[in-house]
Amino acid sequence: MRDTGTVPPSAPAPKEGPAPVRTGRLSSPGAVPALPDSPKSSQSPEREEAGSRHARRFGLPVATALVMGNIIGGGIFLLPASVAPYGTISLVAFGVLTLGAIALALVFGRLARRDPRTGGPYVYVREAFGDFAGFLAAWSYWITSWVSNAALAVTAVGYLDVLLPLHGSPWLMMTGALVVQWVPALANLAGTRYVGAVQLVSTVLKFVPLLLVAVGGMFFFDADNLGPFQATDGGAIGAVSASAAILLFSYLGVESAAVSAGEVRDPRRNVGRATVLGTLGAALVYLLGTLAVFGTVAHDELLTSKAPFTDAVDAMFGGTWGGAAVACAALVSMVGALNGWTLLSAQTAYAAARDGLFPDRFVVKRRGVPTFGVLVAVVLASLLTVYNYMAGTARVFEILVLVTTFTATVPYLLATAAQLYFLASGRRDRVRPARLARDAALALAAFGFSMWLLAGSGYAAVYQGVLFLFVGVLVHAWMSARKARA
């Protein structure tokens, strides 16, 4: 049995001397009470070498960049063409989704203010509903992160092929996908100082070409390019819902700062601000970029475009140099997203391991980063990538990616339900009475947005995603048995 720093029941109690001092989180007035101790409770972020030059807490700019970088991956470069068949009414869907994402961001900010520990949705769900619900939140989020990383890396190869022609070689494409995954993983292993640096630089670099199109496109905007407001049959509500189904997952990642709250300076204040600022920044880029592409590329051409931002740059300035520029921006964007999602995967597993719900090794930290969690995430994603190329088919890979659209939303739904529980139960340590009505309205809006995300993932994703969750039930049973024997 692991030494937890407590006296076994069979041992005589000490008769004198001061009470032993716990070396984990320090209590302070107004702090959120710690959860019941587990074999991991002494392994907290505060135990890390605070003076390490490789470990550094994120300030508001880096935390905001983490949110924006994780929300905006490579999908932004295809979104205008994806929603063009529905007409410019898709911009209305963008607006509706933005409101829902901001409501969710505000709820995460409220929850992080009350419980600013690493783990985000997992921490809130476990506090409200216990170990099993907390495990499901952590498990589903963890699955989402490394499967999505593999998908993102495979997508990045398409842009890499523009810069370094791979000539369709499966071996070269597989090698490129693995390199794209391991570069941000190595940045994570180097410590939080380097994670923050990569995230900030990649966020700035990716926004240069995006803002070039979003802002510069307004000077070349031609209303004749917009095409019809509603390009499909049926009512306006049906068109908005159909285009929203494509755009729904553009805002996944709003929880990024909350998941890494333990590495953020002054998390009670900065997590909420970074979450809202990052979501607003991403929404602004999405809306302006899509509108600019709509106004610079003819609607008929946009319907068949495979690189709408490239076409927009070519239409604005002439020539074909836009392809290389957009490919560079897409690669930078994806590396930044991989950098952030690799950290979130490790942080979620770390938080669950700290409470005895994931294996012990996930709690190991070096330079402020859960190094074992980083290695497991990148190795699993790499194996999935190799399998995808070796099998010679993307079908299995597509199914797994479809499942992640469901598993990514489960923690959102549970976290918003936890907020509603705190509000409805009248927990004085969780609720400010003066803000009860406002917080309840935000939580209900965020809950509805999460349900919409689940519905938008489709029947197949929900069916297969539930099976994925049930595999996690077996893991939970094994971990619970270990805890019972300890």
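User: What does partly exposed mean, and at what relative accessibility does Phe-129 count as partly exposed?

Analyst: A residue is called buried under 20% relative accessible area and exposed over 50%, with partly exposed in between. In this predicted model, Phe-129 falls between those two limits and therefore counts as partly exposed, its relative accessibility being 38%.

User: Which residue forms an aromatic pair with Phe-129, and in which helix does that partner lie?

Analyst: A search of the whole structure finds 14 aromatic pairs. In one of them the ring of Phe-129 is tilted against the ring of Tyr-421, with 5.7 Å centre to centre and 55° between the planes. The pair links distant parts of the chain, 292 residues apart, since Phe-129 lies in helix α4 while its partner Tyr-421 lies in helix α16.

User: Is the pair of Phe-135 and Trp-139 stacked or edge-to-face?

Analyst: Both residues lie in helix α5, four residues apart, which is about one turn of the helix. Planes under 30 degrees apart count as stacked, and with 5.8 Å centre to centre and 20° between the planes, the pair of Phe-135 and Trp-139 is stacked.

User: Is Trp-139 buried or exposed?

Analyst: Its pair partner Phe-135 has a relative accessible area of 0% and is buried. Trp-139 has a relative accessibility of 10%, and because the limit is under 20%, Trp-139 counts as buried.

User: Over the ring of which residue does the charged end of Lys-365 sit?

Analyst: Here the contact is between a charge and a ring, and the charged end of Lys-365 is 4.6 Å from the ring centre. The ring in question belongs to Tyr-350.

Terms used. Residues numbered from 1 in each chain as written. Predicted model: local features only at pLDDT ≥ 70, side-chain atom pairs only at ≥ 80, totals over all residues. Heavy atoms only, no water. Phe/Tyr/Trp six-rings, centres within 6.5 Å; stacked < 30°, edge-to-face > 60°. Helix = DSSP H or I, 4+ residues; strand = E, 2+ residues; numbered from the N terminus. Buried < 20%, exposed > 50% of the residue type's maximum accessible area, 1.4 Å probe, protein only. Lys NZ or Arg CZ within 6 Å of the ring centre and 35° of its normal.
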